[in-house]
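Dear colleague,

I am passing on the structure we spoke of, and my notes on it follow below. Please read them with the model open beside you.

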Amino acid sequence: MRVRRQESLTQPFVLTSNDLNKLYANFQKWLNKISFEISSKDSLKREFSTLEDLLSFENPPQKEIRSLLLSGFSHDPETSIIIIFEIASERNILISIEGEEDAVMAINNSLEECLSGIKPWYYLLARINIYIASYIIVGTTIATFIIRSITGRSAPSISQVSELRSLLTGLSIGLSLALGPLVLGYVLNKIQQNVFPMGCFSIGQGAKRHKDKEIIRTVVILGFFISLISGIIITLIFAI
């Protein structure tokens with residue numbers, strides 16, 4: 001029986017030479033020929049007939065790998081496979097496997113093990129919609145300001161009416177700055193793409209770049225938690 005799997009996934013990944021070696025070794029059991037093609041930052045496509053040739057590619061910054069296409073086929077049993085890993089915000093892993101059921105199941109199981117293993121620890125951070133998060137942050141800040149300004153007020157006096165007018169004026173100004181979340185979102189999105197990317201090819205010089213960014217990621221996460229804890233402590237102090 002012939003079966004087929006065609007699917008596009010949205011999943012952050014860090015693909016290393018070890019991952020490729022394991023995948024290649026498992027696929028070789030069912031495929032006679034496996035080749036690779038990469039798209040680089042310099043807009044050129046490079047083809048490699050063997051995994052050894054691919055792993056010998058230096059992957060320097062000016063030629064940084066942006067996508068990797070793995071293709072293979074076999075005539076006995078007749079089986080074909082195309083897998084694409086690319087650095088994109090959505091549908092960054094494309095899968096096409098077709099052939100006899102036994103071969104496809106074996107290849108698919110090996111692929112699923114690989115996909116599970118290449119998920120980075122910052123998986124959720126890479127998938128956060130930064131623009132929505134920016135609107136939530138700004139909206140929560142404005143709502144908190146309004147609630148704290150209104151809470152505890154009794155019947156309005158002349159001074160309180162004046163204060164209310166000032167509050168409404170401030171609110172109008174705040175609403176007029178609705179582009180604020182967009183600006184914040186743009187900045188945070190750039191940080192997310194650089195520090196928590198959807199895809200990383202940790203091959204050649206890319207391995208060192210990934211290692212260097214791990215240090216940055218650790219600093220960012222620690223800084224966030226320190227700021228969060230400090231904010232909670234300060235809030236409790238003022239509440240007392």
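A nonpolar patch of about 640 Å² lies on the surface of this predicted model, and the residues that make it are Tyr131, Tyr135, Leu182, Val183, Tyr186, Val187 and Ile191. Two helices, H5 (130–150) and H7 (179–195), each supply at least two residues of this patch, although H7 gives the most to it, with five residues. Val187, one of the residues of the patch, lies in helix H7.

Elsewhere in the chain, the axes of helix H1 (residues 17–28) and helix H3 (residues 101–117) come within 9 Å and cross at roughly 175°, which means that H1 is roughly antiparallel to H3, since angles over 145 degrees are counted in that way. On the side of H1, the contact is made by Leu23, Asn26 and Phe27, while H3 brings Ile107, Ser110, Leu111 and Cys114 to it. When the residues of this contact between H1 and H3 are sorted by character, five are nonpolar, two are polar and none is charged.

As for charged side chains, the structure holds seven salt bridges, and one of them joins the side chains of Glu98 and Arg2, with a distance of 3.9 Å from N to O. This pair links distant parts of the chain, given that Glu98 is in strand S7 (residues 93–100) and Arg2 is in strand S1 (residues 2–9), 96 residues apart.

With best wishes

Notes. Residues are numbered from 1 along each chain as its sequence is written. This is a predicted model: local features need pLDDT of at least 70, side-chain atom pairs count only at pLDDT 80 or more; totals for chains, interfaces and linings use all residues. Side-chain values use heavy atoms; hydrogens and water are left out. Axes are lines fitted to C-alpha atoms, for helices over the stretch in contact, and angles run from 0 to 180 degrees between N-to-C directions. Helices (H or I, at least four residues) and strands (E, at least two) are DSSP runs, numbered from the N terminus. Angles under 35 degrees count as roughly parallel, over 145 as roughly antiparallel, 65 to 115 as roughly perpendicular and the rest as oblique. Contact means heavy atoms within 4.5 Å. Ala, Val, Leu, Ile, Met, Phe, Trp, Tyr, Cys and Pro count as nonpolar, Asp, Glu, Lys and Arg as charged, and the others, Gly among them, as polar. Patches are made of residues with over 30% relative accessible area and no salt bridge: like charges are joined within 9 Å, nonpolar side chains (Val, Leu, Ile, Met, Phe, Trp, Tyr) within 5 Å. Accessible areas come from the Shrake-Rupley method with a 1.4 Å probe; for residues, only the protein chains shown count as cover. A salt bridge is a side-chain nitrogen of Lys or Arg within 4 Å of a carboxyl oxygen of Asp or Glu.
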